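Welcome! Please take a moment to look over the sequence and turn the model around before reading on.

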Amino acid sequence: HEDDDHDEMSMIGQSKAGKAEEEDENFVTTTDGGADIARNFDDMGLSDDLLRGVYCMGFERPSPIQQRAVKSMIKGGDMLAQAHSGTGKTGAFALGLLGRVNPSLQNCQAIVLSPTRDLALQSGTVIKKLSEFMGIDVKICRGGTDVILDLKDLQRGVHVVCGTPGRILSHIQKGDIEMKHLQMIVLDEADELLEAGFEEQIKSIISHCSIPESTDIACFSATMPTAVEVLTKKFLRSPSKILLKKSKQALKGIRQFYVPLPEESMKIAVLDDLYSTMSISTSIVFANSKAKVVMLARAMEAKGHSVSVIHGEMEQSERDYTLEEFRSGRSRVLIATDVLKRGIDVQAVSLVINYDLPGRMEDYMHRIGRAGRYGRHGVAINLITKHDVDDMKTLENEYSLSIEELPEDYSHICKGGSA
């Protein structure tokens, strides 16, 4: 997927035609010296080679989270940063850690921990492309790839290592990664890392005897559940904090609707009707289990719709191929479990359908965040029964959402959705 510059590089910042959706008052910033906001990439203290990497991708203006996080990361110290999906968190920590890397020192200086293989690949690819002119080596270590090849690259010496916690911890315990010059560990999607059961592995990595005590830890997350707060209190030392105000945590630019149904069995017919009626560019349908995803795919194909499927039990090569087909536009409808709620960046996604409401409120925000990325407009439609009504009301109250009933004439809803 490393040729998908347009989609993946949008994580770096606002394009020339882009518009920052979040204003200063959306964030609460806490540092010893107060908020240190850099409005332009030139003001961040980046090297000429790193700036060249940014500008060669056509980006001129950093997103709000990048304006606040990058300069602070380069200055040094631990950090806890929160921002919505699709607002540039990946670009923020990529620029921040690259601003600390010394290209002439052929040792690991930064580690990025991601909750999924797909997200590890995506983050590593962004860092590789940003650092194209810096002359540094970036290694992506994730499950489902050749361990022997990883070992050879690590022994040769790399500057940045990105990957999933299990694979990276294994390399650290075996002494495959030279750690004495490590400057930074980044927790990418910290809430999801903890939710996915990586807490003990993360603790083992951070507290490993080979990690220098001076190593900074930066946590980036879309939500701040209790588990993240507990972890940061234990391991982060007087961190600078960049947090969304509670009233600003609803995603802008995404219109949200619900379709009330008397029975679960009516959902497939409604899904068929939605796709037969609306003009949709690229969309994702979320369901809560692999079995339901497979069932939906078969039902939609039987009704003449071309769909792709992704779930956690697929081989990595299958998932990579499916994502490539979706990113390229050869597949326009993707039916998925929550394995896809993060770790995919496709600008053209204009519609997200929740066939099932997710079990956690935070996951709802991550799912609908697949639409309307980087200030674009998107639509989310929830298919609900009477059993979901209370959960939806809780969502609206918790995140200050406005979820309206889908109007009878909904054919126009997605027009201009990916503008």
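At what angle do α3 and α4 pack, and how far apart are their axes? Keep in mind, as we look, that this is a predicted model. The two helices pack at an angle of about 25°, and their axes are 8 Å apart. Since angles under 35 degrees count as roughly parallel, α3 is roughly parallel to α4. Their crossing is right-handed. On the α3 side, the contact is made by I65, Q66, A69, V70, M73 and I74. Facing them from α4 are K89, G91, A92, F93, L95, G96 and L97.

Let us step back for a moment and take in the whole chain. The protein has 419 residues, and buried ones make up 60% of them. Its secondary structure consists of 15 helices and 17 strands. If you take the contacts between residues at least 6 apart in sequence, 77% of them join residues at least 24 apart.

Now return to α4. How many of its residues are buried? The count is 10 of the 10 residues, so α4 is largely enclosed by the rest of the structure. You can follow them one by one: K89, T90, G91, A92, F93, A94, L95, G96, L97 and L98 are buried.

From here we can move to the nonpolar interior. The largest nonpolar core has 37 residues, and those touching the most other members are L97, I127, V160, V186 and F220. Helix α4, residues 89-98, gives this core its largest share, six residues. Try picking out V186 and looking at what surrounds this residue. Leaving aside neighbours within four places in sequence, V186 is in contact with M73, F93, L97, I111, V112, L113, A218 and F220. Apart from the largest core lies another one, of 31 residues, with L113, M179, I202 and V228 among them.

Next come the charged pairs. The protein's salt bridges number 21, and three of them make good stops on our walk. Start with R237 and D78, whose closest N and O atoms are 3.2 Å apart. R237 sits in the loop between α10 and β10, while D78 sits in the loop between α3 and β4, and 159 residues separate the two. Are these partners buried or exposed? R237 has 40% relative accessibility and so counts as partly exposed. D78, in contrast, is buried, because its relative accessible area is 4%, below the 20% limit for that label.

The second stop is the salt bridge between R142 and D320, with closest N and O atoms 3.1 Å apart. R142 lies in the loop between β6 and α6, and D320 lies in helix α13, so the pair ties together parts that are 178 residues apart in sequence. Both partners are buried here: R142 has a relative accessible area of 8%, and D320 has one of 17%.

For the third stop, find D150 and R167, whose closest N and O atoms are 2.7 Å apart. Because D150 lies in helix α6 and R167 in helix α7, this salt bridge ties together parts that are 17 residues apart in sequence. D150 counts as buried at 2% relative accessibility, and R167 does too at 13%. The pair also belongs to a network: salt bridges that share partners join K139, D150, D153, R156 and R167.

D320 leads us on to another helix pair. How close do the axes of α5 and α13 come, and at what angle do they cross? They come within 11 Å and cross at roughly 55°, and α5 and α13 are therefore oblique to each other. α5 passes α13 in a right-handed crossing. Where the helices meet, α5 brings R117, D118 and Q122, and α13 brings Q316, R319, D320, L323 and R327.

Our last stop is a proline. P225 lies in the loop between β9 and α10. With 19% relative accessibility, P225 counts as buried, because that label applies under 20%. Which residues does P225 contact, leaving aside its neighbours within four places in sequence? They are D191 and E362. P225 and D191 are 34 residues apart in sequence, yet 6.8 Å apart in space, taken from C-alpha to C-alpha.

Terms used
Residues numbered from 1 in each chain as written. Predicted model: local features only at pLDDT ≥ 70, side-chain atom pairs only at ≥ 80, totals over all residues. Heavy atoms only, no water. Core = buried A, V, L, I, M, F, W, Y, C linked by side-chain atoms within 4.5 Å. Buried < 20%, exposed > 50% of the residue type's maximum accessible area, 1.4 Å probe, protein only. Helix = DSSP H or I, 4+ residues; strand = E, 2+ residues; numbered from the N terminus. Contact = heavy atoms within 4.5 Å. Salt bridge = Lys/Arg side-chain N within 4 Å of Asp/Glu carboxyl O. Axes fitted to C-alpha atoms, helices over the stretch in contact; angles between N-to-C directions. Parallel < 35°, antiparallel > 145°, perpendicular 65-115°, else oblique. Left-handed = near helix turned anticlockwise from the far one by under 90°.
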